Amino acid sequence: MIIKPKFRGFICTTAHPEGCQAQVEEQIRYVLEQNKISGPKNVLIIGASTGYGLASRIVSTFGCGANTIGVSFERPSSGKRTATAGWYNTAAFEKNARQAGVKAYSINGDAFSDEIKQETIALIQAEMGQVDLVIYSLASPKRTHPHTGEQLNSVLKPIGQSYTNKNVDFHTGEIKSLTVEPATEEEIRQTIAVMGGEDWQMWIDALDQADVLAEGVTTLAYSYIGPALTHPIYREGTVGRAKDHLEETAQILQRKLEAKQGRAFVSINKALVTQSSAAIPVVPLYVSLLYRIMKEEGLHEGCIEQIYRLFAEEIFGGSLPHLDAKGRIRIDNLEMREHVQAEVDKRWDTVNDQNLIALSDIEGYRKEFFQLFGFEVAGIDYEQETNADVAIPSIDK
Ligand code: NAI
């Protein structure tokens with residue numbers, strides 16, 4: 001079929017297999033051009049098909065030579081529907097990893113469930129024995145609690161009072177004022193249950209009980225802080241509460257893993273265009289301004305550059321990672337540089353529909369959004385027929 005983007009707001013309901021493959025191979029190329037990392041050998045990535053989790057899988061295999069198991073929740077193609085981008089990314093990753101002679105297995109299903117945890121453990125036992133790195137990179141709007149069956153939803157809302165700020169429609173370049181009403185206590189509770197650390201801890205407990213965590217294992221989860229202008233909607237809002245919980249969980253896991261000389265960290269990463277971040281009010285305009293400034297200064301990084309740096313310089317760099325006062329790794333250090341943020345603030349105050357293109361990288365944002373789904377990728381002829389029915393080698397469709 002001929003595949004074109006079909007989008008509504010921050011959701012694109014189609015994806016292009018060859019475009020996704022080209023994007024994955026571009027990330028692989030970047031890692032192959034860097035120095036090899038003396039790192040993990042068997043890695044489990046939970047949330048492995050897009051964004052930071054996919055980049056973590058690519059760095060594990062092509063930077064460290066590691067075997068991987070990737071867990072994600074994606075949709076295969078059916079009838080006239082394409083698969084999701086994460087499905088195509090996973091297929092492309094596995095193909096390249098296997099060609100490189102490294103084991104790559106993928107599990108597609110709900111990572112919050114006990115069944116998927118047990119399936120993953122059985123696969124580790126059969127193929128790897130134990131894992132020495134576990135990356136938790138889930139981003140989900142909902143979770144079914146595995147023990148109570150409760151359906152929990154995550155919301156992006158401020159706490160205590162409403163929040164009004166500028167927001168861009170990145171398809172049209174229109175800037176409008178947006179007001180988000182504060183969350184209820186119940187919404188806060190549910191958001192923490194979805195995006196906090198409970199599930200990460202359940203994974204580590206289950207893996208530990210099954211004795212599939214190697215001596216000296218490292219586990220990592222990702223978080224975000226960002227600038228004051230997004231704090232009411234992000235870090236001091238519902239998702240920020242969940243991130244506080246995730247960060248507290250790292251300390252619990254650190255104590256738990258000490259018995260086997262293990263380590264647990266949260267890494268604070270940079271704001272980037274991913275399927276999850278596009279959904280956060282105000283963030284697309286912030287990211288457009290940030291990208292422009294960081295690109296002008298030669299400081300820009302995408303997911304793959306961020307995660308390569310995290311592995312090579314912090315986690316497997318041979319010395320202890322640099323931690324902030326709260327014990328977190330800060331690969332958001334370039335984003336948070338004082339002069340970068342001062343310039344964002346200055347432009348934020350003046351940006352409007354007329355000067356958006358001059359002040360921001362809105363075009364880059366829009367393009368990267370489409371590239372998440374395999375569109376607008378150089379070298380792909382989008383007028384050509386494409387086979388949307390792509391199999392992931394390790395998964396029986
Ligand atoms: P993403 O949307 O690109 O990836 C989410 C992954 O989770 C996908 O692989 C998806 O298949 C998987 N997933 C979602 N629900 C699942 C389920 N029920 N079962 C199994 N897999 C499931 O997200 P992104 O942006 O890479 O986020 C990953 C982490 O990085 C999150 O903790 C996020 O807060 C954090 N982060 C993101 C930043 C950004 O700007 N995008 C900045 C800093 C941290």
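This is a short tour of the cores, one pocket, one cavity and one serine in a predicted model.

**Stop 1: the largest nonpolar core**

Select Ile-58, Val-59, Tyr-286, Val-287, Ile-307, Leu-310 and Phe-311. These residues have the most contacts inside the largest nonpolar core, which has 88 residues. Now colour α8 (283-296). Helix α8 gives the most to this core, with nine residues.

Zoom in on Val-59. Which residues touch Val-59, leaving aside neighbours within four places in sequence? Show Val-31, Ile-37 and Cys-64, then Ile-304, Ile-307, Tyr-308 and Phe-311; Val-59 is in contact with each of these.

**Stop 2: the second core**

Select Leu-44, Ile-107, Val-131 and Leu-213. They are among the 33 residues of a second, separate core. Keep Ile-107 on display, as it returns at the cavity stop.

**Stop 3: the second largest pocket**

Go next to the second largest pocket, with about 680 Å³ of space. Select Gln-23, Gln-27, Cys-303, Glu-368 and Gln-371. Of the 30 residues in the lining, these are the closest to the pocket's centre.

Which helix supplies the largest share of this lining? Colour α1 (17-32). Helix α1 contributes seven residues, the largest share. Then add α2 (51-64), α8 (283-296), α9 (303-315) and α12 (362-371); each of them also supplies at least two lining residues.

Colour the lining by class. You should find 12 polar, 10 nonpolar and eight charged residues.

**Stop 4: the cavity**

How many cavities of 30 Å³ or more does the structure hold? There is one. The largest cavity holds about 30 Å³ of space.

To frame it, select the lining: Ser-72, Glu-74, Gly-86, Trp-87, Thr-90, Ser-106, Ile-107, Asn-108, Ile-392 and Ile-395. Two elements give two or more residues here: helix α3 (85-99) and strand β5 (104-108). By class, this lining has five polar, four nonpolar and one charged residues.

**Stop 5: Ser-77**

Finish at Ser-77, in the loop between β4 (67-72) and α3. Is Ser-77 buried or exposed? With a relative accessible area of 12%, Ser-77 falls under the 20% cut-off, so Ser-77 is buried.

Now show Ala-388 and Asp-389. The Ser-77 side chain reaches the backbone oxygen of Ala-388 at 3.4 Å. The side chains of Ser-77 and Asp-389 are joined by a polar contact of 3.0 Å. Draw both distances to see the partners of this buried serine.

Definitions and conventions: Residues numbered from 1 in each chain as written. Predicted model: local features only at pLDDT ≥ 70, side-chain atom pairs only at ≥ 80, totals over all residues. Heavy atoms only, no water. 1 Å grid on protein atoms, 1.4 Å probe; cavity = no way out; pocket = protein on both sides within 12 Å on 5 of 7 lines; lining within 4 Å. Points joined across faces, edges and corners; volume = space filled by probe spheres on them. Helix = DSSP H or I, 4+ residues; strand = E, 2+ residues; numbered from the N terminus. Nonpolar A, V, L, I, M, F, W, Y, C, P; charged D, E, K, R; others polar. Core = buried A, V, L, I, M, F, W, Y, C linked by side-chain atoms within 4.5 Å. Buried < 20%, exposed > 50% of the residue type's maximum accessible area, 1.4 Å probe, protein only. Contact = heavy atoms within 4.5 Å. Polar contact = N/O pair within 3.5 Å; in protein donor to acceptor, adjacent residues only side chain to side chain.
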